[in-house]
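Thank you all for making time this morning. I would like to walk through one structure with you, going from the whole fold down to a few individual residues.

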Amino acid sequence: PYPSFQARDLTTTHTMHYITKPPCDPKIMTFGAFHTDHLLEIDWSEKMGWSRPQIVPFKSFSIHPFSACLHYAIECFEGAKAYRGPNNSIRTFRLNCNMYRMKQSAKRLSLPDFDGAELERCIEQLLKVDRDWIPDRQGFSCYIRPTLMATEEALGVRASSRAKLFVALCPVGPYFPSGLKPVRVFCNISTIRSAPGGVGGYKVAGNYAPTVLPLKEVQKIGFHQNLWMLPDGLVQEMGVCNLFFFWKNKQGERELVTPILDGTILPGILRDSILELTRSMGKFKVIEKKLYIQEVVEAIEDGRMIEMFGSGTAVSIQPIEAIGFNDKIYEVQYDSKLNAGELSHELFDILTKIQTGGEEHKWIKSI
Ligand code: COI
């Protein structure tokens with residue numbers, strides 16, 4: 001019902017490179033602290049459909065105080081990354097999957113539909129314009145943040161008749177200032193992130209705001225993130241990541257286990273990549289299933305847990321060293337030289353090679 005904008009109509013207004021680029025230092029180039037010189041902007045209205053896509057000098061928006069996104073979180077977003085390749089090339093990683101997911105999130109919020117391939121082309125153009133901002137140091141990348149928000153200027157709770165899609169870029173280092181260092185996670189039994197029938201399986205803004213206070217609270221007691229689960233112990237996610245457990249089952253066979261996508265869990269693109277990579281290794285069973293915290297702590301107590309880690313675009317692979325559950329702390333040894341377990345380290349290396357190595361790969365588009 002909504003004819004999409006087209007990348008061939010894209011216009012670009014260049015700016016002078018007036019912002020000094022930050023050094024690739026993890027303490028300075030923290031996640032989301034810097035933006036590049038330009039952004040992509042496309043407006044939509046029920047009456048007029050999509051406007052011409054525009055790349056414009058980075059700017060703040062002036063928005064009406066009644067805009068629906070401000071009050072009811074009618075907003076969805078994506079997180080993707082681009083990397084430096086050989087010969088000044090730019091490599092995007094599975095950006096088509098982000099486009100697909102964003103379309104699903106937009107639909108769930110009654111935001112306008114668009115052609116994902118056209119948005120991907122516009123983003124590629126934006127990356128080319130801001131090419132010099134893409135760090136070429138390992139562990140660093142250019143984070144891509146497409147956002148679609150309801151801008152109807154009325155306080156009624158309903159589908160918005162106006163929307164704004166924008167894409168901003170930021171050069172980023174590791175998500176956690178500690179870098180690839182294992183984190184301690186706390187099983188939050190009093191707050192849930194996402195319930196059956198809710199929107200946990202979509203990347204919508206409203207999923208994130210309620211996690212901020214519980215994050216502050218666990219940080220006060222010495223943990224880095226919450227492990228989200230349902231009151232019956234069904235394990236879902238950790239902080240802003242999907243979760244993986246690498247253990248020996250009771251028969252002594254090695255298994256990599258992750259919670260199955262049941263609608264309450266974000267269908268992570270890195271999650272999907274890890275499943276495909278580990279299945280193709282063929283070294284152990286790879287299982288998506290309903291997973292309960294009791295199974296996790298039992299595997300730790302029995303000494304069967306080999307590794308635990310989270311995955312996400314922003315964090316990449318995040319090893320976990322300890323889980324706080326029911327007043328107890330369950331710790332898993334990791335290789336202190338690698339700062340990770342062997343599998344998480346290997347996956348991190350494989351992914352880094354795919355993303356920043358010079359080779360062609362089906363998940364990489366080189367532009
Ligand atoms: C990502 O991993 O890209 C995310 O969107 C997490 C973010 C909310 C920091």
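Before I start, one definition that I will lean on: when I say that two residues touch or are in contact, I mean that heavy atoms of theirs lie within 4.5 Å. Please also keep in mind that what you see is a predicted model.

Let me begin with the overall picture. The protein has seven helices and 19 strands, and its C-alpha trace spans about 60 × 50 × 35 Å along the principal axes. For 367 residues, a compact globule would be expected to have a radius of gyration near 21 Å, and the protein, at 21 Å, agrees with that. Of those 367 residues, 53% count as buried. If we take the contacts in the protein with a separation of 6 or more, 72% of them are accounted for by residues 24 or more positions apart.

Now to the helix packing, where two packed helices are described by the angle between their axes and the distance between the axes. Helix α2, residues 95-108, packs against helix α3, residues 116-129, at an angle of about 130 degrees, and the two axes are 9 Å apart. The two helices are therefore oblique to each other, and α2 passes α3 in a right-handed crossing. On the α2 side the contact is made by L95, N96, M99, M102 and K103, while α3 brings G116, L119, E120 and I123. By character, the residues of this contact divide into five nonpolar, two polar and two charged.

The other pair I want to show is α5, residues 269-281, with helix α7, residues 342-356, whose axes come within 11 Å of each other and cross at roughly 110 degrees. That angle makes α5 roughly perpendicular to α7. From α5 the contact draws on L270, S273, I274, L277, T278 and M281, and from α7 on E346, L347, I350, L351, I354 and Q355. Here the residues divide into eight nonpolar, three polar and one charged.

S273 deserves a closer look. Is S273 buried or exposed? With a relative accessibility of 0%, S273 counts as buried. Leaving aside residues up to four places away in sequence, S273 touches F93, R94, L351 and W363, and L351 is one of the α7 residues in the contact with α5.

That list also leads us to R94, which is found in the loop between β7 and α2. Most residues other than glycine have a negative phi. R94, however, has a positive phi of about 50 degrees although it is not a glycine, and R94 is buried, with a relative accessible area of 10%.

Where else do we find a positive phi in a residue that is not a glycine? N87 is such a case, with a phi of about 55 degrees, and its place is in the loop between β6, residues 80-84, and β7, residues 90-93. N87 is exposed, having a relative accessible area of 78%, whereas R94, as I said, is buried.

I will finish at G282, in the loop between α5 and β15, the latter covering residues 285-289. G282 is exposed, with a relative accessible area of 60%. Its C-alpha atom is separated by 35 Å from that of I134, a residue 148 positions away along the chain.

Note on methods: Residues are numbered from 1 along each chain as its sequence is written. This is a predicted model: local features need pLDDT of at least 70, side-chain atom pairs count only at pLDDT 80 or more; totals for chains, interfaces and linings use all residues. Side-chain values use heavy atoms; hydrogens and water are left out. Axes are lines fitted to C-alpha atoms, for helices over the stretch in contact, and angles run from 0 to 180 degrees between N-to-C directions. Helices (H or I, at least four residues) and strands (E, at least two) are DSSP runs, numbered from the N terminus. Angles under 35 degrees count as roughly parallel, over 145 as roughly antiparallel, 65 to 115 as roughly perpendicular and the rest as oblique. A crossing is left-handed if the near helix is turned anticlockwise from the far one by less than a right angle, and right-handed if clockwise. Ala, Val, Leu, Ile, Met, Phe, Trp, Tyr, Cys and Pro count as nonpolar, Asp, Glu, Lys and Arg as charged, and the others, Gly among them, as polar. The radius of gyration is taken over C-alpha atoms; the globule rule is 2.2 Å times the number of residues to the power 0.38. Buried means under 20% relative accessible area, exposed over 50%, partly exposed in between (1.4 Å probe, protein chains only).
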